[in-house]
Amino acid sequence: HEAARQEKRQKSYDDFIAVAEKLVEDGMTTPKKLGVLGTSNGGLLAAVMGTQRPDLFGAVVSDVPLTDMLRFPLMGMGAAWKHEYGDPEDPKMARILRSYSPFHNIHEGVKYPAFLVTISTKDDRVGAGHARKLVARLKDVGSEHAFLFEDSDGGHGVSDPYKRAALMSRRMGFFLNYLQ
């Protein structure tokens, strides 16, 4: 955990990318058939994968994610996570956070994989603004397959597959539709 915290966070993303590349290299799958799903911090990871390596994934499901790493302390309980991610008010950390912040790394002219971003309006840990901003930004650059599902219930636990089977079914249906 310490090996990929704060200024070393990119290491966790590089490791994930290496595994995905190895799956493709070994013929286990192709990028069009490779999807990534993550929840909370894993939702951040999923969104980072879709923005750093849009060529490597066919679909991304990012559930209750952090996506704006320069403003996370101002949303939900984000201020409590400075120990994990670093403080964006520190210029050195702001550069690092911006380098992988999904919201800040969406660019014109890039073909992004299909994105389904799910959130609860009542999520007081992350805040629905992260998901809303990410999908809006993807649409701003012309992504045709960027979807937001905002549930009015559930809080940060909206992703619990045992309590929210219909939402998990929606996520799996999204993968079935977009991973070819």
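**Exercise 1. Packing of helices H1 and H2**

Task: In this predicted model, determine at what angle helix H1 and helix H2 pack, how that arrangement is classed, and which residues make the contact.

Solution.
Step 1. Two packed helices are described by the angle between their axes and the distance between the axes.
Step 2. Helix H1 covers residues 10-25 and helix H2 covers residues 41-52; they pack at an angle of about 70 degrees, and their axes are 11 Å apart.
Step 3. Angles of 65 to 115 degrees count as roughly perpendicular, so H1 is roughly perpendicular to H2.
Step 4. The crossing in which H1 passes H2 is right-handed.
Step 5. H1 contributes Gln 10, Tyr 13, Phe 16 and Ile 17 to the contact, while H2 contributes Leu 44, Leu 45, Val 48, Met 49 and Gln 52.
Step 6. Sorted by class, the contact of H1 with H2 holds seven nonpolar residues, two polar ones and no charged ones.

**Exercise 2. Layout of the sheet**

Task: Establish the order of the four strands in the open sheet, and state which strands stand at the edges.

Solution.
Step 1. Strands of a sheet pair through backbone hydrogen bonds, either parallel or antiparallel.
Step 2. Here the order is E1-E2-E3-E4, and the pairing is parallel.
Step 3. Strand E1 (35-39) and strand E4 (146-151) each have a single partner strand, so they stand at the edges, and one side of each lacks a neighbour in the sheet.
Step 4. On average, and with direction ignored, neighbouring strands of this sheet are turned by 10 degrees against each other.
Step 5. At one end of the order, E1 and E2 run parallel and are joined by five bridges; Gly 38 has Ser 62 in E2 as its bridge partner.
Step 6. At the other end, strand E3 (residues 114-120) pairs with E4 in the parallel sense over six bridges, and the bridge partner of Ser 120 is Asp 151 in E4.
Step 7. Helix H2 packs on this sheet and touches E1, strand E2 (59-63) and E3; the direction of H2 makes about 150 degrees with that of E1.
Step 8. Helix H6 (residues 165-178) lies across E1, E2, E3 and E4 and runs at about 160 degrees to E2.

**Exercise 3. Covered and uncovered faces**

Task: Identify which residues of E1 form its covered face and which its uncovered one, then describe the faces of E2.

Solution.
Step 1. In a regular strand the side chains alternate between the two faces of the sheet.
Step 2. In E1, Val 36 and Gly 38 form the covered face, whereas Gly 35, Leu 37 and Thr 39 form the uncovered one.
Step 3. In E2, both faces are covered: Ala 59, Val 61 and Asp 63 are buried on one side, and Val 60 and Ser 62 are buried on the other.
Step 4. Val 36 has a relative accessible area of 2% and is therefore buried.
Step 5. Beyond four places in sequence, the residues touched by Val 36 include Phe 16, Leu 45, Met 49, Val 60 and Phe 175.
Step 6. Val 36 and Gly 58 are 22 residues apart in sequence, and their C-alpha atoms are 8.6 Å apart in space.

**Exercise 4. Asp 151 in strand E4**

Task: Decide whether Asp 151 counts as buried or exposed, and list the residues that Asp 151 touches.

Solution.
Step 1. Asp 151 is found in strand E4.
Step 2. Its relative accessibility is 12%, so Asp 151 counts as buried.
Step 3. With residues up to four places away in sequence left out, Asp 151 touches Ile 119, Ser 120, Thr 121, Val 158 and Arg 164.

**Exercise 5. Two residues with positive phi**

Task: For Ser 40 and Val 64, give the phi angle, the location and the accessibility class.

Solution.
Step 1. Most residues other than glycine have a negative phi.
Step 2. Ser 40 is not a glycine, yet its phi is positive, about 65 degrees.
Step 3. Ser 40 lies in the loop between E1 and H2; with 24% relative accessibility, Ser 40 counts as partly exposed.
Step 4. Val 64, also not a glycine, has a positive phi of about 40 degrees.
Step 5. Val 64 is located in the loop between E2 and helix H3 (82-85); with 0% relative accessibility, Val 64 counts as buried.

Notes
Residues numbered from 1 in each chain as written. Predicted model: local features only at pLDDT ≥ 70, side-chain atom pairs only at ≥ 80, totals over all residues. Heavy atoms only, no water. Axes fitted to C-alpha atoms, helices over the stretch in contact; angles between N-to-C directions. Parallel < 35°, antiparallel > 145°, perpendicular 65-115°, else oblique. Left-handed = near helix turned anticlockwise from the far one by under 90°. Contact = heavy atoms within 4.5 Å. Nonpolar A, V, L, I, M, F, W, Y, C, P; charged D, E, K, R; others polar. Pairing = 2+ DSSP bridges. Buried < 20%, exposed > 50% of the residue type's maximum accessible area, 1.4 Å probe, protein only.
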